[in-house]
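Let us take a friendly walk through a protein model together. Keep the picture open while you read, and look up each residue as we come to it.

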Amino acid sequence: MPNTEEQTRQVGLSPATAVKPTRLIIDCDPGIDDAVSIALAVGSPELEILGITTVAGNVGIQETTTNALGLLAAFGRDEIPVAAGAHRGLVRTKADHRFVHGENGIGGVDLAPARRTVNSEHAVDFLSNILSRHGPRSVTIAAIGPLTNIAMLLALRPELIDNIEELVIMGATAGGGNITPVAEYNTWADPEAAQRVFTTVGLKIRLLELQITRRATVDQGVVATMRAESPRGDLLADMIDGYEDRTPDGQPLHDALAIAAIVDPTLIETRPASVEVNTHSDSQRAETVFDFGPAAANSNLQVAVEFDLKRFRELLIARVAGPVQGE
Ligand code: BDR
Ligand code: CA
């Protein structure tokens, strides 16, 4: 693949990491940090993107799907199939996060309409078919929106759990929330789905929760560098300008940390834990209770407890600046 060695050198990955692409499906709700995640993925030779599935989350299902198609077209990868999924949570009615991501979900940026249309299969069928086609532990899923599609997949096709190499999730919080004082947005949008997914036996999960992802920031210098490096970076910088999620250290690109952790697992440090989601109380809706104690030592769920911000930012810049893979 073009420039693989150069990109590997720039971000300090081992060559071995770069030569064996991870088959990946991104389940998402674009979303500004979802858009950056897709850009990071298409710029990463470590990944073979088998498809994108969409879910209602930051905006409605039609908008998240239109955004996914438009982003792939803008990045020159519109051969990647997009399948639309759930239009609301399993139990809860529609939620949205427009006050953070803008009315259209991508900071008011107008993307050229995509020529390619959405796949005829529902996202859950699309996921099932891809998992069936590949062997055991063959496909990684990055779930960076509400977990509705994933919970439906696990409920409908439990025999396919073995074919999931790993599920990497952005969601939950081990501290305060970003939609209520106790809840993280993706988990709050569909707490019943999250509880189902987090408690699935035999499913290997890495979880990037809010206290870690809110530190995965880009400051003005990083955004300016992205803008200067490529048309793709310029487009993302326009979106980030309209992103209302801000911390004193910059704007947190929560979802992009999940993709970065797949590209380079050494970026994050994890500990085994179990997680319970509050699905009973309205005031504490979607509060997540983590247990890192001895009872969780053999848990199939690993929670990120630390990451390297400098290397995360370097990876982001390198992959947004470099060539799109598979163009
Ligand atoms: C999560 O919620 C959404 O706003 C972001 O896209 C991210 O997936 C952060 O809590
Ligand atoms: Ca998201």
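A donor, in this report, is an N, O or S atom within 3.2 Å of a metal such as Ca; water is not among the atoms, so a site may look incomplete. Please also keep in mind that this is a predicted model.

**The calcium ion**

Which residues are the protein donors of the calcium ion (ligand 2)? They are Asp29 (OD), Asp34 (OD), which is listed twice, Ile144 (O) and Asp255 (OD), at 2.3 to 2.6 Å from the ion. Written along the sequence, the spacing of these donor residues is D-x4-D-x109-I-x110-D. Is aspartate 29 buried or exposed? With a relative accessibility of 1%, aspartate 29 counts as buried, because buried means under 20% relative accessible area. Aspartate 34 counts as buried too, at 0% relative accessibility.

**Ligand 1**

Ligand 1 has 13 residues around it, and those that come nearest are Asp33, His97, His101, Glu184 and Asp255. Asp255 is also among the donors of the calcium ion. Ile144, another of those donors, has a backbone N or O atom 3.0 Å from an oxygen atom of ligand 1. The table sets this contact beside two that are made by histidine side chains.

| Residue | Atom in the residue | Distance to an oxygen atom of ligand 1 |
|---|---|---|
| Histidine 97 | polar side-chain atom | 2.7 Å |
| Histidine 101 | polar side-chain atom | 2.8 Å |
| Isoleucine 144 | backbone N or O atom | 3.0 Å |

**The sheet**

Now look for the strands. An open sheet with mixed pairing is formed by eight of them, in the order E3-E2-E1-E4-E5-E6-E12-E9. Why is one side of strand E3 (82-84) and of strand E9 (268-272) left without a neighbour in the sheet? These two stand at the edges, and each has a single partner strand, so nothing in the sheet lies beside the other side. On average, neighbouring strands of this sheet are turned by 25 degrees against each other, direction ignored.

Strand E4 is a good one to study. Five of its five residues are buried, so E4 is largely enclosed by the rest of the structure. Val139, Ile141 and Ala143 are buried on one side of E4, and Thr140 and Ala142 are buried on the other, so that both faces are covered. E4 pairs with E1 in the parallel sense over four bridges, and alanine 143 in E4 is the bridge partner of aspartate 27. E4 also pairs with E5, again in the parallel sense, over five bridges; here valine 139 has isoleucine 164 in E5 as its bridge partner. Further along, E5 (residues 164-170) and E6 (residues 205-208) run parallel and are joined by four bridges. There, methionine 170 stands opposite leucine 208 in E6.

**Helix H14 and a polar contact**

Helix H14 (residues 309-321) lets you try a small check. At 1.5 Å a residue, its 13 residues should span 18 Å, and the end C-alpha atoms are indeed 18 Å apart, which agrees. The N-terminal end of H14 is capped by aspartate 308, where a side-chain oxygen lies 3.2 Å from the backbone nitrogen of lysine 310. Buried residues in H14 include Phe312, Leu316 and Arg319.

What does the side chain of glutamate 46 make a polar contact with? Its partner is the side chain of arginine 319, at 2.8 Å. Glutamate 46 is found in the loop between helix H3 (32-42) and strand E2 (47-54), and is buried, with a relative accessible area of 2%.

**Unusual backbone spots**

Most residues other than glycine have a negative phi, and most peptide bonds are trans. A few places here are worth a look with that in mind. Proline 30 and glycine 31 are joined by a cis peptide bond, with omega about -10 degrees; glycine 31 is in the loop between strand E1 (22-28) and H3.

Arginine 137 is not a glycine, although its phi is positive, at about 50 degrees. The loop between helix H6 (123-133) and strand E4 (139-143) holds arginine 137, which is partly exposed, with a relative accessible area of 39%. Alanine 172 also has a positive phi, of about 70 degrees. Alanine 172 lies in the loop between E5 and helix H8 (185-189) and counts as buried, at 0% relative accessibility.

Definitions and conventions. Residues numbered from 1 in each chain as written. Chains lettered and ligands numbered in written order. Predicted model: local features only at pLDDT ≥ 70, side-chain atom pairs only at ≥ 80, totals over all residues. Heavy atoms only, no water. Donors = N, O, S within 2.8 Å, 3.2 Å for Na, K, Ca; no water. Buried < 20%, exposed > 50% of the residue type's maximum accessible area, 1.4 Å probe, protein only. Expected span 1.5 Å × (residues − 1). Polar contact = N/O pair within 3.5 Å; in protein donor to acceptor, adjacent residues only side chain to side chain. Pairing = 2+ DSSP bridges. Axes fitted to C-alpha atoms, helices over the stretch in contact; angles between N-to-C directions. Near = heavy atom within 4 Å.
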